[in-house]
Amino acid sequence: MNNLKTTFAGLQLKNPIIISSSGLTNSASKNKKLEEAGAGAIVLKSLFEEQIMLQVEQLQDPTSQYPEGEEYLSGYVRLHHLSEYINLIKESKAVCNIPIIASINCYTNAEWVDFAHKIELAGADALEINILAVQTAPEYKYGEFEQRHIDILSSIKKHVNIPVIVKLGTNLTNPVSLINQLYANGAAAVVLFNRFYQPDINIDKMEYISGEVFSTPADLSTTIRWIGISSAEIDKIDYAASGGIHNGEAIVKAILAGATAVEICSTIYMNGNAIIQDMLGRVESWMYQKGFEHIAQFKGLMNAKTIKGVNMFERTQFLKYFGTKE
Ligand SMILES: Cc1cc2nc3c(=O)[nH]c(=O)nc-3n(C[C@H](O)[C@H](O)[C@H](O)COP(=O)(O)O)c2cc1C
């Protein structure tokens, strides 16, 4: 499979399939099996700042007469989570030969600077950060959330030398402008996009429930649109497509739109690790049919272009469709 080699965030990958951060990648033994099944790289399950801080908060008792004890406990919670994570990195690195990318979900730039450095020392090949959050405060000022991405990235970049990848959510006004600034502040790559928790309501029990956990192939359209638009505008940074990539054809589409790799999760949950070889086989046979020997030959060939005055990726209305449908 030499012809499937690609690069992502300065890492050499034997193929473009990266297993994205999730429960699939939370142990060294699972990661080893994913490597044996053909994965090109692995992003470890995220270490969640919010979760750690929540536990720390729950430990805090405002009426306590022993604040030093509480400080010790909150420090312990932080370190405990971190040391478990450091073990996951070390154990995965010990059993896998493919790149192992650590992942942190952060919402402030305070905690992570120190954590990021320890993650680098543990041997992670790169660090992926995601700042997934919904903005709901009535007093919110436009652009604050984007600025938080840049601040977190800049603080982390000062303390680590490994490549830093930023995984974005879909709730951004203009991902292109943000990617431009992330590139200027040292991001090696971006991942478009993370998947939000999907809330739903059970109308019989009148209870809040979880909606669809996994993506469907229909989600690919949003991913391809923004990979296509962003990679046409800012071509010096690497892109991984994530969201709705369920088969080999979708990998081809992501690369044609401008990605050098994909980060997949739902299809593996639904079909098992064997889908990796099936997807790679389909990419190879498509390349063979079209006469491409290397991924670089077709990467970005179909990114956002204006053809006869129309840019399909920037189109928002189904003009023709509505024009012909009554
Ligand atoms: C069950 C589940 C758990 C996930 N956990 C994480 C996580 O810890 N960190 C993260 O960055 N993304 C997480 N994701 C998002 C995935 O890594 C991936 O980016 C997203 O699901 C889109 O890819 P897909 O369409 O192949 O599922 C999770 C997704 C699922 C379905």
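This briefing walks you through a ligand site, a strand hairpin and a few unusual backbone spots. The structure is a predicted model, so keep that in mind as you look around. A good place to begin is the ligand, which sits in the largest pocket and is surrounded by 21 residues.

**Around the ligand**

- Among the 21 residues that surround the ligand, the closest are S20, S21, S46, S215 and S266.
- Sorted by class, this shell has 11 polar residues, seven nonpolar ones and three charged ones.
- In the side chain of K167, an N or O atom is 2.9 Å from an oxygen atom of the ligand.
- The side chain of S242 also has an N or O atom 2.9 Å from an oxygen atom of the ligand.
- At G243 the partner is in the backbone: a polar backbone atom there is 3.4 Å from a ligand oxygen atom.
- Taken alone, the ligand exposes 600 Å², and the protein buries 89% of that.

**The hairpin of β10 and β11**

- Strand β10 covers residues 199–202 and strand β11 covers residues 207–210; the two run antiparallel and are joined by four bridges.
- To see how they line up, find I201, which stands opposite Y208 in β11.
- Four residues lie between the strands of this hairpin, and M206 takes a positive phi near 50 degrees.

**Backbone spots to look for**

- As background, most residues other than glycine have a negative phi, and most peptide bonds are trans.
- A9 has a positive phi, near 55 degrees, although this residue is not glycine.
- You can find A9 in the loop between β1 (6–8) and β2 (11–13).
- The peptide bond joining L192 and F193 is cis, with omega about 5 degrees.
- F193 belongs to the loop between β9 (189–192) and β10.

Methods
Residues numbered from 1 in each chain as written. Predicted model: local features only at pLDDT ≥ 70, side-chain atom pairs only at ≥ 80, totals over all residues. Heavy atoms only, no water. Near = heavy atom within 4 Å. Polar contact = N/O pair within 3.5 Å; in protein donor to acceptor, adjacent residues only side chain to side chain. Areas by Shrake-Rupley, 256 points an atom, 1.4 Å probe, with all protein chains shown as cover. 1 Å grid on protein atoms, 1.4 Å probe; cavity = no way out; pocket = protein on both sides within 12 Å on 5 of 7 lines; lining within 4 Å. Sits in = over half its atoms within 2 Å of the grid points. Nonpolar A, V, L, I, M, F, W, Y, C, P; charged D, E, K, R; others polar. Pairing = 2+ DSSP bridges.
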